[in-house]
Amino acid sequence: MGLDYDYRIYIKKEKLKKALKFVYKHSQKERVAFEIVNDQLYKIDKYANGQTSATLLDNFGINQRIDTCIVVDEDNSIIEYYLYDLTQYYQPDSADESDFIDYYKCTDNKWWIGNIEIHIKDYSSKMENYIELQFWAVTSDMSRLFAKSTSIDKYFKELCRSIEADYGCIYMEDNGYRLIWAKGKEYNLTVPILWNSFEEYGFIKVISDILKI
């Protein structure tokens, strides 16, 4: 069984549109699979023949899923991630090598890191009027990158700051949670899972009790 890590951002429902606009702005536009038109959220399906279709999502996508491709700054973990892929699929100095790099590398030393699923979840059963945005790494390699990359960590902290999120963390299965943001302040605080009721009470409540905020 592979790794299954994800970033989770907790916001008031009224900030959902602003959050998705931030994600869209900082995505690889050719590969982002949603758009906001006239304050409505559409899921974009792309087909092998080059055609696309747009599906209007009711309730602005709450309890539904959309896909994107975030763009982040270069760091050592990002480079290692792509060097591994490069050596798996191409011979050294092959003609395809530069095409591979050009495919993933954007301008200003930024990279897109593959498709990411965004699960928009109604969190109001635990905290009234809250949304949980879950950014899921679709492969084990991407999960490891989520855990190691300072640039990805920076991206999600910037997202939290930009939309005035209440809380943000990365979930790392048996390694627990790492808090990255709470009430306007950055953190790098690992919270090991030591009790079975953690999910039942909800991440926000547990962290707010620990930090007294």
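This passage walks through the overall make-up of the chain, one helix pair, the cysteines and one tyrosine.

The model is a predicted one, and its protein chain runs to 213 residues, 44% of which count as buried. Secondary structure in the chain comes to 7 helices and 12 strands. As for how the chain folds back on itself, take the contacts between residues at least 6 apart in sequence: 62% of these join residues at least 24 apart.

Turning to the helix pair, α1 covers residues 16-25 and α5 covers residues 150-163. The two pack with their axes 10 Å apart, at an angle of about 140°. That angle makes α1 oblique to α5, since the label of roughly antiparallel is kept for angles over 145 degrees. As for handedness, the crossing of α1 and α5 is right-handed. On the α1 side, the contact is made by Lys18, Ala19, Phe22 and Val23. Their partners in α5 are Tyr155, Glu158, Leu159, Ser162 and Ile163. Sorted by character, the residues of this contact split into 6 nonpolar, 1 polar and 2 charged.

Next come the cysteines. A disulfide is a covalent bond between the sulfur atoms of two cysteines. The count for this model is 0 disulfides. Cys69 is a case in point: the nearest cysteine sulfur belongs to Cys106 and sits 9.0 Å away, and Cys69 is in no disulfide. Cys69 is also buried, its relative accessible area being 0%. Cys160 tells a similar story, as its closest cysteine sulfur is that of Cys169, at 9.1 Å. That is too far for a bond, because a disulfide needs the two sulfur atoms within 2.5 Å. Cys160, too, has a relative accessible area of 0% and is therefore buried.

Finally, there is Tyr104, which lies in helix α3, a stretch made up of residues 95-104. With a relative accessibility of 16%, Tyr104 counts as buried, because the cut-off for that label is under 20%. Leaving aside residues up to four places away in sequence, Tyr104 touches Tyr82, Lys110, Trp111 and Trp112. Gln28 is 76 residues from Tyr104 along the chain, yet the C-alpha atoms of the two are separated by 9.6 Å.

Technical notes: Residues are numbered from 1 along each chain as its sequence is written. This is a predicted model: local features need pLDDT of at least 70, side-chain atom pairs count only at pLDDT 80 or more; totals for chains, interfaces and linings use all residues. Side-chain values use heavy atoms; hydrogens and water are left out. Axes are lines fitted to C-alpha atoms, for helices over the stretch in contact, and angles run from 0 to 180 degrees between N-to-C directions. Helices (H or I, at least four residues) and strands (E, at least two) are DSSP runs, numbered from the N terminus. Angles under 35 degrees count as roughly parallel, over 145 as roughly antiparallel, 65 to 115 as roughly perpendicular and the rest as oblique. A crossing is left-handed if the near helix is turned anticlockwise from the far one by less than a right angle, and right-handed if clockwise. Contact means heavy atoms within 4.5 Å. Ala, Val, Leu, Ile, Met, Phe, Trp, Tyr, Cys and Pro count as nonpolar, Asp, Glu, Lys and Arg as charged, and the others, Gly among them, as polar. Buried means under 20% relative accessible area, exposed over 50%, partly exposed in between (1.4 Å probe, protein chains only).
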